[in-house]
Amino acid sequence: MVLSRGWALFLVGVGIWTWVIWPRFAVAIWKDPRSWASGTVAEGAATSFLWVHALLIAASLAIGTTVGVLGIRAWFAARRRQSP
């Protein structure tokens, strides 16, 4: 598959966006009282609410990283195609 530099840049942007948004969401989930059995942050056992969101965040970061890496590779491949 051949991607244009514009699409490559878009993929890199999606990868960056993923790493900007999801860690902030992780902090919000960590601070949510529903994440802890005691209702107090970081006290007691972690609830399924925390585990499900942790899995979602991990999967999203993995996918975002993959998309970003593919975008970087596509960018450099497009540069090589345009070189004389």
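A residue is called buried under 20% relative accessible area, exposed over 50%, and partly exposed in between, with a 1.4 Å probe and protein chains only as cover. The model is predicted, so local features need pLDDT of at least 70 and side-chain atom pairs count only at pLDDT 80 or more, whereas totals for chains, interfaces and linings use all residues. Residues are numbered from 1 along each chain as its sequence is written, and side-chain values use heavy atoms, with hydrogens and water left out.

**Exercise 1.** Classify Arg 79 by its accessibility and place it in the fold.

Solution. Arg 79 has a relative accessibility of 42%, and therefore counts as partly exposed. Its position is in helix α2, where helices are DSSP runs of H or I with at least four residues (strands being E runs of at least two), numbered from the N terminus. Ser 35 lies 44 residues from Arg 79 along the chain, and the C-alpha atoms of the two are separated by 47 Å.

**Exercise 2.** Compare the end-to-end distance of α1 with its expected span.

Solution. The expected span of a helix is 1.5 Å times one less than its number of residues. For the 27 residues of α1 this gives 39 Å, and the end C-alpha atoms are 40 Å apart, which agrees.

**Exercise 3.** Determine which residues of α1 are buried and what they pack against.

Solution. The buried residues of α1 are Ala 8, Val 12, Gly 15, Thr 18 and Ile 29; they pack against α2, residues 48-82. Take Thr 18, which is buried because its relative accessible area is 9%. Once neighbours within four places in sequence are set aside, Thr 18 is in contact (heavy atoms within 4.5 Å) with Pro 23, Ser 60, Leu 61 and Gly 64.

**Exercise 4.** Describe the setting of Val 20.

Solution. Val 20 is found in helix α1, residues 5-31, and is partly exposed, since its relative accessible area is 40%. Together with Ile 16, Trp 17 and Ile 21, Val 20 makes a nonpolar surface patch of about 390 Å².

**Exercise 5.** Count the salt bridges and describe the accessibility of the partners.

Solution. A salt bridge requires a side-chain nitrogen of Lys or Arg within 4 Å of a carboxyl oxygen of Asp or Glu, and by this rule the count comes to one. The pair is Arg 34 with Asp 32, whose closest N and O atoms are 2.7 Å apart. Arg 34 is exposed because its relative accessible area is 54%, whereas Asp 32, at 14% relative accessibility, counts as buried. Side chains of opposite charge can pair when their charged atoms come close.

Methods. Patch = residues over 30% accessible without salt bridge, like charges linked within 9 Å, V, L, I, M, F, W, Y side chains within 5 Å. Areas by Shrake-Rupley, 256 points an atom, 1.4 Å probe, with all protein chains shown as cover.
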